[in-house]
Amino acid sequence: MRAVSRMSRRGGRVAAVVAGTLALAVSGTAVQASQAAGGTVAPAGVRAAAAGTVITTTDASFGNDVLRSGVPVLVVFCAEWSGPCRMLKTPAAETARDYSGRATVAWHDIDRYPDTHPRYNVTAIPTLHLFKGGRVTATRIGPASKSDIADFLSRNGV
């Protein structure tokens, strides 16, 4: 795990900011929340604790998270430095909540995990690939609103 960049202890609560994720320990229970503007994106290597949460895939977890999923998976191929990608965090989180149980929304950072995206011909970001049964069935390139993503999923049978 990355080094803690800020840590404070107040009234029995410990809060630490680790690699862009706020981890809060209260009475021995760990709670994690993304600092993305209203978005809920689980950090890499951490599986979503609740349905309706965007998962973060890595090169190592992509097979299990996406290719062997029992439901369609919308993978957002992005990079942290990209403005249009950052703008997709909230619509992706809202889509994950709206499609909970019917589809999974996954976030794949192409800079941190560079081995996966070339296999799927991702040459621009953001790129949204819809996977069904381990295969790409539809692609959308460029920024998207929540309604754009819903239309994309609807047109492709999700």
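The following conversation goes through a predicted model and asks how its features earn their names.

Trainee: Why is Cys78 called buried?

Mentor: Its relative accessibility is 0%, and buried means under 20%, so Cys78 counts as buried. Cys85, at 1% relative accessibility, falls under that cut-off and therefore counts as buried too.

Trainee: How do you know how many disulfides there are?

Mentor: A disulfide requires two cysteine sulfur atoms within 2.5 Å, and a search of the whole structure for such pairs finds zero.

Trainee: What makes the contact between Lys89 and Glu80 a salt bridge?

Mentor: The side chains of Lys89 and Glu80 meet with 3.2 Å from N to O, and because the rule asks for a Lys or Arg side-chain nitrogen within 4 Å of a carboxyl oxygen of Asp or Glu, the pair qualifies as a salt bridge. The 3.2 Å contact between these side chains is also listed as a polar contact, for which the limit is 3.5 Å.

Trainee: Are the two partners, Lys89 and Glu80, buried or partly exposed?

Mentor: Lys89, which lies in helix α3, has a relative accessible area of 13% and is therefore buried, the cut-off being under 20%. Glu80 has 39%, which lies between 20% and 50%, so Glu80 is partly exposed.

Trainee: How many salt bridges does this rule give?

Mentor: The count comes to three. Besides the pair just discussed, Lys146 forms one with Asp98, where the closest N and O atoms are 3.0 Å apart. Because Lys146 belongs to helix α4 and Asp98 to helix α3, this pair ties together parts that are 48 residues apart in sequence. Lys146 is partly exposed at 34% relative accessibility, and Asp98, with 40%, is partly exposed as well.

Trainee: Why does the pair of Asp148 and Arg140 count as a salt bridge?

Mentor: The closest N and O atoms of Asp148 and Arg140 are 3.7 Å apart, and the limit is 4 Å, so the pair falls within the rule. Asp148 has a relative accessible area of 29% and is partly exposed, while Arg140 counts as partly exposed at 22%, a value that is not under the 20% needed for buried.

Trainee: What makes a group of residues a nonpolar core, and which residues have the most contacts inside the largest one?

Mentor: The members must be buried residues of the nonpolar kinds on a fixed list, joined through side-chain atoms within 4.5 Å. The largest such set has 21 residues, and those with the most contacts inside it are Val54, Leu88, Trp107, Ile149 and Leu153. At least two residues of this core come from each of β6 (73-78), α3 (89-98), β7 (104-109), β8 (127-132) and α4 (146-155). Another core, of twelve residues, lies apart from it and includes Val66, Val75, Ala79 and Ile110.

Trainee: How do you know that β6 and β7 pair?

Mentor: Pairing requires at least two bridges between the strands, and six bridges join β6 to β7, which run parallel, so the requirement is met. Val75 stands opposite Ala106 in β7.

Trainee: Why are β5 and β9 called edge strands?

Mentor: Five strands form an open sheet in the order β5-β7-β6-β8-β9, with mixed pairing. In that sheet β5 (55-56) and β9 (135-141) each pair on one side only, and they are the edge strands.

Key. Residues are numbered from 1 along each chain as its sequence is written. This is a predicted model: local features need pLDDT of at least 70, side-chain atom pairs count only at pLDDT 80 or more; totals for chains, interfaces and linings use all residues. Side-chain values use heavy atoms; hydrogens and water are left out. Buried means under 20% relative accessible area, exposed over 50%, partly exposed in between (1.4 Å probe, protein chains only). Helices (H or I, at least four residues) and strands (E, at least two) are DSSP runs, numbered from the N terminus. A polar contact is a pair of N or O atoms within 3.5 Å; within protein, one must be able to donate a hydrogen and the other to accept it, and residues adjacent in sequence count only if both atoms are side-chain atoms.
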